[in-house]
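This report goes through a protein–DNA model, beginning with the DNA and ending with the contact between the protein chains.

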Protein chains: 2
Amino acid sequence: MSASKRDELVHKALEIFYRDGFHSTGMDTLVKETGISKTSMYKHFRTKEDLILAALRLRDEKFRNFIFRRIEELAKTPREKLIATFDVLAEWFEMKDFRGCMFVKASGEYPEHNTPILNTAAEHKNQLIRYLADLARDAGAQDPENLATQILILKEGATVLAHLQGPGKFAKQAKEAAIPLILAACD
Amino acid sequence: MSASKRDELVHKALEIFYRDGFHSTGMDTLVKETGISKTSMYKHFRTKEDLILAALRLRDEKFRNFIFRRIEELAKTPREKLIATFDVLAEWFEMKDFRGCMFVKASGEYPEHNTPILNTAAEHKNQLIRYLADLARDAGAQDPENLATQILILKEGATVLAHLQGPGKFAKQAKEAAIPLILAACD
DNA sequence: TTATACATTTACCGTTCGGTACACCTTTGT
DNA sequence: ACAAAGGTGTACCGAACGGTAAATGTATAA
């Protein structure tokens, strides 16, 4: 039961769950696509929910890596980084396999409060807030938490609409809405 | 096959789909909860997808009625109405059965482009944009479409986060982000 | 070489899925 | 009174669901 095999399973599961959804992807499909047997799959993951949680944790890590790394590459000052968030968002929307936010999808399919999947999704958003709040603090914002929350609201709204209506203009519109907020918050 | 019976079925289906999701709600559950027989159900709706589409159309109508009516009740001038959008949003978030936007949920479970369900969800958002753009035009905005889009982005973001993290502060934060945008756009 | 331990496969479990064939009403027109 | 028409319920379809028991490798240690 090698750790790398498990990793491979989670990567593949993440890809398929993100593309097709959670309920509509059966364990038989995952087993077939990964080439493993069903019993082995259930040795690595006790239940389907365990596999979903592992996939969400991987997604959390990969997504934050991508966003944070690109922001750091695109901008130098904290204030510029806050704004660059929306340029990274535009890059994400344009990717050919973009299908919206995986955690929003998960919260739609498992909406019951205080369940592991919804909690994992909520925690992902907390991590984003924390990162943005740190940037806002470094940028000298009066109320870093508030500014971070507003930026996250714009990010989530743009993401939802980009998935529903196509990538078009939403990252740009969100950016144009964010800039005056950021400038006003940092004197 | 009375029209009122069909209406009753759609209402009940909407309630259950919104609470539990689409894939995780079986036709057997719907049949049991409505007290009708399966054959009769399939006389009214050829497939499960037809029933989902009917539920989404009803949701579209009910949701827009609620939002637009409350906005008109809360504010008089077009500019005030744009702002009041976020007070109505706060009311929605506080409702005990609030579970986020049904069309976002639908787009998460049926993400394939150019399919009836995704198209219906996209059209719902178009209707909201159109209404907001009309208000923005009446309020004298330079670019009504842009302002409407930005307000919708804030609405969608606040909705997603309110579902994930609880109603708390998101309507208020979105409102505070929207006000300067609205004021700046209308001179 | 053989016993042990563990990973893997095959074959299957009971349940639920979306959907349907068909017998059984009940109504309506004549 | 009676037949045609159409809505209704029962009982069922094959497939897919999440999950498991038992057999079959296969590598290591004695």
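A residue counts as near a strand if one of its heavy atoms lies within 4 Å of that strand. The model described here is predicted.

**DNA strand C**

Of the atoms of DNA strand C within 4 Å of the protein, 52% are sugar or phosphate atoms, and the rest belong to bases. The strand is surrounded by 14 residues, the closest being A:S37, A:T39, B:M27, B:K38 and B:K48. By class, this surface holds 3 nonpolar, 7 polar and 4 charged residues. Three helices each supply at least two of its residues: α3 (38-44) of chain A, and α2 (27-34) and α3 (38-44) of chain B.

Both bases and backbone of the strand are approached by side chains of chain B. A side-chain N or O atom of B:K38 lies 2.5 Å from a base oxygen, and one of B:T39 lies 3.0 Å from a base nitrogen. For B:K48, the partner is a phosphate oxygen, 2.5 Å from an N or O atom of the side chain.

**DNA strand D**

Around DNA strand D there are 15 residues, of which A:M27, A:K38, A:K48, B:S37 and B:T39 come nearest. Sugar or phosphate accounts for 55% of the strand's atoms within 4 Å of the protein, and bases for the rest. The surface near this strand has 4 nonpolar, 7 polar and 4 charged residues. Here α2 (27-34) and α3 of chain A, together with α3 of chain B, each give at least two residues.

Three distances to phosphate oxygens of DNA strand D are listed below.

| Residue | Protein atom | Distance to a phosphate oxygen of DNA strand D |
|---|---|---|
| A:D28 | side-chain N or O | 3.5 Å |
| A:K48 | polar side-chain atom | 2.5 Å |
| B:S37 | backbone N or O | 3.0 Å |

**The protein chains**

Chain A has 9 helices and 0 strands. Its C-alpha atoms fill a box of roughly 60 × 35 × 30 Å along the principal axes.

How can chain B be laid on chain A? A turn of 180 degrees with a shift of 0.0 Å along the axis does so, with an RMSD of 0.0 Å. The two copies are therefore related as by a two-fold rotation axis. Both copies use the same surface, as 100% of the contact residues of chain B recur in chain A. Within chain B, the residue that comes closest to the rotation axis is B:G157, with its C-alpha at 1.8 Å.

**The contact between chains A and B**

Each side brings 39 residues to the contact. About 3,500 Å² is buried between the two chains, and 64% of this is on carbon and sulfur atoms. On the chain B side, B:I153, B:L164 and B:Q173 lose the most area to chain A, together 18% of what that side buries.

There are 2 salt bridges across the interface. In one, A:E112 pairs with B:R99, and the closest N and O atoms are 3.2 Å apart. Polar contacts between the chains amount to 10 residue pairs.

Which elements of chain B give two or more residues to the side that touches chain A? They are α6 (102-109), α7 (116-138), α8 (144-165) and α9 (170-185). The most come from α8(B), which gives 14 residues. By class, this side of chain B divides into 17 nonpolar, 13 polar and 9 charged residues.

Key:
Residues are numbered from 1 along each chain as its sequence is written. Chains are lettered from A and ligands numbered from 1 in the order in which they are written. This is a predicted model: local features need pLDDT of at least 70, side-chain atom pairs count only at pLDDT 80 or more; totals for chains, interfaces and linings use all residues. Side-chain values use heavy atoms; hydrogens and water are left out. Copies are superposed by least squares on the C-alpha atoms of residues with pLDDT of at least 70 in both. Contact means heavy atoms within 4.5 Å. Buried area is the accessible area (1.4 Å probe) that two parts lose on being put together, summed over both. A salt bridge is a side-chain nitrogen of Lys or Arg within 4 Å of a carboxyl oxygen of Asp or Glu. A polar contact is a pair of N or O atoms within 3.5 Å; within protein, one must be able to donate a hydrogen and the other to accept it, and residues adjacent in sequence count only if both atoms are side-chain atoms. Helices (H or I, at least four residues) and strands (E, at least two) are DSSP runs, numbered from the N terminus. Ala, Val, Leu, Ile, Met, Phe, Trp, Tyr, Cys and Pro count as nonpolar, Asp, Glu, Lys and Arg as charged, and the others, Gly among them, as polar.
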